[in-house]
Amino acid sequence: MATILLHSIQSEWMKTKRSAAFWLVLIGGVFIPAILTLVHLVYIKKLGKIYSTTPFWEKWLINGWESMSILLVPMGIVLATSLIAQLEYKNNGWKQVHTTPQSLTTVFFAKYIVVLFLMLQLFVLFGLGMYLAGAIPAWYFGHIPYPKEAFPWGKFIQINASFYVMALPIVALQYLLSIQFKNFMVSLGAGVALVVAALIALSWRYVYLIPYTYGAIHFLQLQGKMRFKSNILDVHYLALIYFFAFTLLSYILYLTKKEKG
Amino acid sequence: MYCIETTHLSHQFALGKNILDDINLQVPTGSIYGFLGPNGAGKTTTLRLILGLLKKQKGEIRIFGQSLAENRVAILRKLGSLIETPSLYGHLTAAENLLLLQKIYQCPKSRIPEVLALVGLPDTANKKVSQFSLGMKQRLSIAVALLNQPNLLILDEPTNGLDPNGIIEMRELLKRLNQEHQITILISSHLLAEIEKLVTHVGIIHKGQLLFEGTLPDLVHKQQESSRVSLITNDNTRSLQLLKTLQPEAQQQNGKLLLPLLPPERIAQLNRQLVQSGIDVYHLAVEKNDLESIFMELVNN
């Protein structure tokens, strides 16, 4: 079973090669680091002071997460998951996939794992991009000191992993919408609407009910600026509960779908 | 032994309207089975049910003697298919499209150039599929269906988009696959003329009902049965009276006198009788229905 799933994942991964989703993840991952690098180049004279403060790296990474957590990651997930499912709809691929000797469970999870892996790739690229965007000015310009502290790899991974967990409910719900509806606009439209609703809901008392807000909530919590506390559970657990619930729902809907291509 | 057997297969898309009505299909192992019917007859729905792409509502489907519902994965391992439009990823090359299926089937990688050569696309391995013509995509889809060396090929209108030369080549390829590799082929079409030179067995479906199923000779026999002798004379009423005394099945239809197909000597004898009775015979001919007419007759009735 595991071998069949592995082969299926390899096959699904190959489909993303040169696809729009692949380029989206690649560009999405390095977008903010590239912007921050450009900003650095503009304010090059002020960098010496910024690089002398400690801790530098943690602040630097959280700074990068500002736009990523609130807007870019949710939007990236909405687009990338829709594009992955559209690979099948656009190329009439579902009927081919469903006539290969794989169980429906294998097909569902192979594609899902590829989507989750693509998102992981986005986070890894972002992390590496942030490191390079932080380090390059110090390496390149003599008057900018390299941060005194050792690079906090553990903290760096922990922060990125936390944001990844926050993104999981969005991935799950967008995957559900993308494979259920042939029309690209349904998953895309619903995703954009939910991202916008999440932005509005940030000042709402019951904001924790909306999983699309979790990335932003986590960012505000890290900044100590979150207005409301969750009365139920920590936002990490809430994200995981939503993720498993949406995954289960998506799996059941997929299995019971009457037409499979 | 039947490679595919459906029993009382029925399907509805909307409540109360049967798209398929009690289809009992029997595709013998080793045959090339032509599944014929006009557009909207239920061919694709039947094939999609056989492949498990549609959830079965009523009836039973057995492939290689096994129930599809219980042995779906094992059956699909020995099957290749092409349903309607090609299922190919345009952003990938021809070889990459085959490679991603090779991963699933775990067949040797050497099959990729083999099947490309088999369908006449040996030099296109590294070309992106989005740059392919419809005919090339159709050929590549056949290559995809052949990748796992299947025992059964299910092809839904595979000649769509092919030029006349391509259609002939496809026909030869399918014949070769059937004869040299003993692959059973179920091929659907709405044109009898297109597949009558290829198939050994025929099933004709119309408005969700299987109107005919049998060998091609059975269909030819049906054609002979429906052949008639037709006459036009200067006095059809008197001719009919006379003919009825000699050949009771005689009848008049659309200004013609019609008789069942008779031996040539008997036709000559009837003609002589008419002439000797002072009737001028303007037209005397054997009307042979071609297979297409039989198909149309079955469908229209």
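**Salt bridges, folds and backbone outliers in a two-chain model**

A search of the whole structure, which is a predicted model, turns up twelve salt bridges over all chains. Side chains of opposite charge can pair when their charged atoms come close. Three of these pairs are worth a walk-through, starting in chain A.

Glu12(A) pairs with Lys15(A), and the closest N and O atoms sit 3.0 Å apart. Both residues belong to helix H1 (residues 2–15) of chain A, and because they are three residues apart there, about one helical turn separates them. Neither end of the bridge is out in the open: Glu12(A) is buried, and Lys15(A) is buried too.

Chain B offers a bridge with a much longer reach in sequence. Here the side chains of Lys43(B) and Glu157(B) meet, with an N to O distance of 3.6 Å. Lys43(B) is part of helix H1 (residues 43–50) of chain B, while Glu157(B) sits in the loop between strand E8 (152–156) and helix H6 (164–181), so the pair ties together parts that are 114 residues apart in sequence. Both of these residues are buried as well.

The third pair, Arg62(B) with Glu60(B), has its closest N and O atoms 3.8 Å apart. Arg62(B) counts as partly exposed because its relative accessibility is 33%, and Glu60(B), with a relative accessible area of 27%, is partly exposed too. Back in chain A, the bridge described at the start is part of something wider: salt bridges with shared partners join Glu12(A), Lys15(A), Glu88(A) and Lys111(A) into one network.

Now for the chains as wholes. Chain A is built from ten helices and has zero strands, so its element string, read from the N terminus, is simply α-α-α-α-α-α-α-α-α-α. For its 261 residues a compact globule would have a radius of gyration near 18 Å, and the 20 Å of chain A agrees with that. Taken along the principal axes, the C-alpha atoms of chain A fill a box of roughly 65 × 40 × 30 Å. Some 52% of its residues count as buried. Among contacts in chain A between residues at least 6 apart in sequence, 81% join residues at least 24 apart. The accessible surface of chain A comes to about 12200 Å², and carbon and sulfur atoms own 71% of that area. As for charge, chain A carries 20 positive and 7 negative charges, with the mean positions of the two sets 5 Å apart.

Chain B mixes both kinds of element, with eleven helices and 15 strands. Its radius of gyration is 25 Å, well over the 19 Å that the globule rule gives for 301 residues, so chain B is more spread out than a compact globule. Along the principal axes, the C-alpha trace of chain B spans about 80 × 45 × 35 Å. Of its 301 residues, 51% count as buried. Residues 24 or more positions apart make up 69% of the contacts in chain B with a separation of 6 or more. The accessible surface of chain B is about 13700 Å², and 50% of it belongs to carbon and sulfur atoms. Its 30 positive and 28 negative side chains form two sets whose centres lie 6 Å apart.

A few backbone oddities round out the picture. Most residues other than glycine have a negative phi, and most peptide bonds are trans. In chain A, the peptide bond from Thr54(A) to Pro55(A) is cis, with omega near -5 degrees. Pro55(A) is found in the loop between helix H3 (47–52) and helix H4 (57–90).

Two residues of chain B show a positive phi without being glycine. Phe64(B) has a phi of about 50 degrees and sits in the loop between strand E5 (58–63) and strand E6 (66–67). Asn254(B), with phi near 50 degrees, is in the loop between strand E13 (251–253) and strand E14 (256–260). Their surroundings differ in cover: Phe64(B) counts as buried at 17% relative accessibility, whereas Asn254(B), at 77%, counts as exposed.

One more loop residue of chain B deserves a mention. Gln247(B) lies between helix H9 (236–246) and E13. Its relative accessibility is 10%, and therefore Gln247(B) counts as buried. Leaving out residues up to four places away in sequence, Gln247(B) touches Leu259(B), Leu262(B) and Arg266(B).

Terms used: Residues numbered from 1 in each chain as written. Chains lettered and ligands numbered in written order. Predicted model: local features only at pLDDT ≥ 70, side-chain atom pairs only at ≥ 80, totals over all residues. Heavy atoms only, no water. Helix = DSSP H or I, 4+ residues; strand = E, 2+ residues; numbered from the N terminus. Rg over C-alpha atoms; globule rule 2.2 N^0.38 Å. Buried < 20%, exposed > 50% of the residue type's maximum accessible area, 1.4 Å probe, protein only. Contact = heavy atoms within 4.5 Å. Areas by Shrake-Rupley, 256 points an atom, 1.4 Å probe, with all protein chains shown as cover. Lys, Arg positive; Asp, Glu negative; His and termini not counted. Charge placed at Lys NZ, Arg CZ, Asp CG, Glu CD. Salt bridge = Lys/Arg side-chain N within 4 Å of Asp/Glu carboxyl O.
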